[in-house]
Amino acid sequence: MNETSILVIDDETGIREGCKRALKTQDYLVETAENGEQGLQKVYSDNYDLVLIDIMMPGISGIDLISLIHQHDPEIVCIIVTGYATVELAVRAIKQGAYDFLTKPFTTDELFLVVDQGLERRRLSLETKRLQAIEAESQRLSAEKARLEELDRAKVAFIQLVTHELQAPISAITTYLDLMLNEYIPPEQYREYLERAQDRAKEQLNLISDLLEFGRLKEIKSTKKPGLVKVDDILKKVILQLEPQASEKKIPIMTDISSGLDPICMAADQVASIWTNLISNAIKYTQPGGEIHILLKQEDSEVLGQVKDTGIGIPDDAKEHLFSEFFRAKNAKVLSISGTGLGLAIVKQIIEKAGGKIWFESELGKGSAFTFVLPIAE
């Protein structure tokens with residue numbers, strides 16, 4: 001059975017009932033309304049494919065009715081029925097969204113023709129939307145599939161990398177201990193090899209610490225308790241902890257810290273993690289005799305921090321990957337500078353979860369500047 005539903009809105013009983021009888025012979029489901037208000041209520045309460053609208057009715061005019069119907073369902077085909085067809089009227093009706101005209105008096109064949117064309121237009125429009133929805137869903141599923149595949153590859157790479165990074169220091173420590181236990185080296189060299197083992201153990205601890213921090217940041221609900229903290233106080237404590245490393249390389253740490261900074265709402269250890277990672281990186285990647293400049297100030301509703309060094313800089317091909325997990329630039333690897341490749345990824349996630357952002361500027365061989373902003377507490 002034909003499930004196509006048509007509504008005839010006309011204040012003339014003859015037109016209204018005549019259209020209903022004619023259209024029913026084509027197995028259409030036909031309802032009628034004698035004015036615009038009644039017709040609009042029917043549109044709101046039922047589903048119609050096509051509406052025949054008399055343009056001259058008391059109350060809501062046929063022209064105004066078109067836009068009201070399309071606000072409810074833009075796919076309903078509206079056909080104007082009028083005995084006063086003019087170019088001006090046609091333009092107004094089409095602007096409002098009318099599909100076609102039926103000029104009184106009209107024959108049954110003319111009625112069938114305009115209705116069939118209107119319904120075909122609706123079918124094509126709905127089919128186009130259906131295909132667009134299918135295409136959009138296909139693209140979404142394709143993107144989701146690619147994302148899942150990328151996550152799977154990242155997971156495998158993560159496991160391989162972590163396994164290697166965890167095994168390497170342990171293997172080195174085991175080798176040093178075997179050399180001593182099996183007396184392959186003289187006792188006077190024991191201290192040298194114990195110091196090497198200690199360095200590798202510290203590398204292991206740093207990696208485990210970064211992995212734990214990284215894992216906590218990935219949790220949906222953070223276990224860190226935010227509170228009101230002073231970024232400058234935390235910065236000063238971090239500098240005191242890292243100054244011995246900088247002094248050992250004869251790298252002065254120069255600061256420009258504004259006074260009277262408003263507090264921010266974050267976990268204190270996460271703020272410390274930001275400064276620790278950025279400053280320790282600056283020390284690590286700056287040659288002896290270089291400089292580190294630290295800036296901290298308030299700009300409107302944000303606290304701005306910057307760590308600038310005169311270090312080895314970042315190659316252009318590494319810049320887009322710099323905040324990626326486990327990524328380390330080639331020049332850092334060539335210089336055998338130790339690192340987990342997680343520090344900047346951790347910093348970026350901490351800052352962005354707090355509603356801030358981080359960016360950097362760098363020139364190979366001349367140094368880098370990492371700048372971040374964090375919102376002050378409301």
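What follows is a walk through the helix packing, the aromatic groups and a few single residues of this structure.

The model is a predicted one. The protein has 10 helices and 12 strands. Of its 378 residues, 40% are buried. Looking at contacts with a separation of 6 or more, 67% come from residues 24 or more positions apart.

Helix α8 is a handy place to start, as it packs against two other helices, α7 and α10. Take α7 to begin with. Helix α7 covers residues 231-248 and helix α8 covers residues 268-284; their axes lie 9 Å apart, at an angle of about 35°. This crossing is right-handed. On the α7 side, the contact is built from Val231, Ile234, Leu235, Val238, Ile239, Leu242, Gln245 and Ala246. On the α8 side, it takes in Ala268, Val271, Ala272, Trp275, Thr276, Ile279, Ser280 and Ile283. Sorted by type, the residues of this contact come out as 13 nonpolar and 3 polar, with no charged ones. The spacing in such lists has a simple background: an α-helix has 3.6 residues a turn, so residues three or four places apart point the same way.

The other partner of α8 is α10. Here the axes come within 9 Å and cross at roughly 145°, and the crossing is left-handed. Helix α8 brings Gln270, Ser273, Ile274, Asn277, Leu278 and Asn281 to this contact. Helix α10 answers with Gly343, Leu344, Ile346, Val347, Ile350 and Ile351. The tally for this contact is 7 nonpolar and 5 polar residues, again with no charged ones.

How enclosed is α10 itself? This helix runs over residues 343-353, and 8 of its 11 residues are buried, so the rest of the structure largely encloses it. The buried ones are Gly343, Leu344, Ala345, Ile346, Val347, Gln349, Ile350 and Ile351. Among them, Gly343, Leu344, Ile346, Val347, Ile350 and Ile351 also turn up in the contact with α8. After α10 comes Gly355, with a positive phi near 90°.

Turning to the rings, the structure holds 5 aromatic pairs. One of them joins Phe323 and Phe370 in an edge-to-face arrangement, with 6.5 Å from centre to centre and 90° between the planes. These two residues sit 47 residues apart, and the pair links distant parts of the chain. Phe323 belongs to the loop between β10 (302-309) and α9 (330-334), while Phe370 belongs to strand β12 (residues 367-375). Both ends of the pair are tucked away: Phe323 counts as buried because its relative accessibility is 17%, under the 20% cut-off, and Phe370 counts as buried because its value is 11%. Phe360 joins in as well, forming one aromatic cluster with Phe323 and Phe370.

A ring elsewhere has a charge for company. The charged end of Arg196 sits over the ring of Tyr193, 4.6 Å from the ring centre.

One last residue worth a look is His70, found in helix α3 (residues 62-72). Is His70 buried or exposed? With a relative accessible area of 18%, His70 is buried. Leaving aside residues up to four places away in sequence, His70 touches Ile76, Cys78, Gln96 and Gly97.

Conventions: Residues are numbered from 1 along each chain as its sequence is written. This is a predicted model: local features need pLDDT of at least 70, side-chain atom pairs count only at pLDDT 80 or more; totals for chains, interfaces and linings use all residues. Side-chain values use heavy atoms; hydrogens and water are left out. Axes are lines fitted to C-alpha atoms, for helices over the stretch in contact, and angles run from 0 to 180 degrees between N-to-C directions. Helices (H or I, at least four residues) and strands (E, at least two) are DSSP runs, numbered from the N terminus. A crossing is left-handed if the near helix is turned anticlockwise from the far one by less than a right angle, and right-handed if clockwise. Contact means heavy atoms within 4.5 Å. Ala, Val, Leu, Ile, Met, Phe, Trp, Tyr, Cys and Pro count as nonpolar, Asp, Glu, Lys and Arg as charged, and the others, Gly among them, as polar. Rings of Phe, Tyr and Trp (its six-membered ring) pair if their centres lie within 6.5 Å; planes under 30 degrees apart count as stacked, over 60 as edge-to-face and the rest as tilted. Buried means under 20% relative accessible area, exposed over 50%, partly exposed in between (1.4 Å probe, protein chains only). A charge sits over a ring if NZ of Lys or CZ of Arg is within 6 Å of the ring centre and within 35 degrees of the ring normal.
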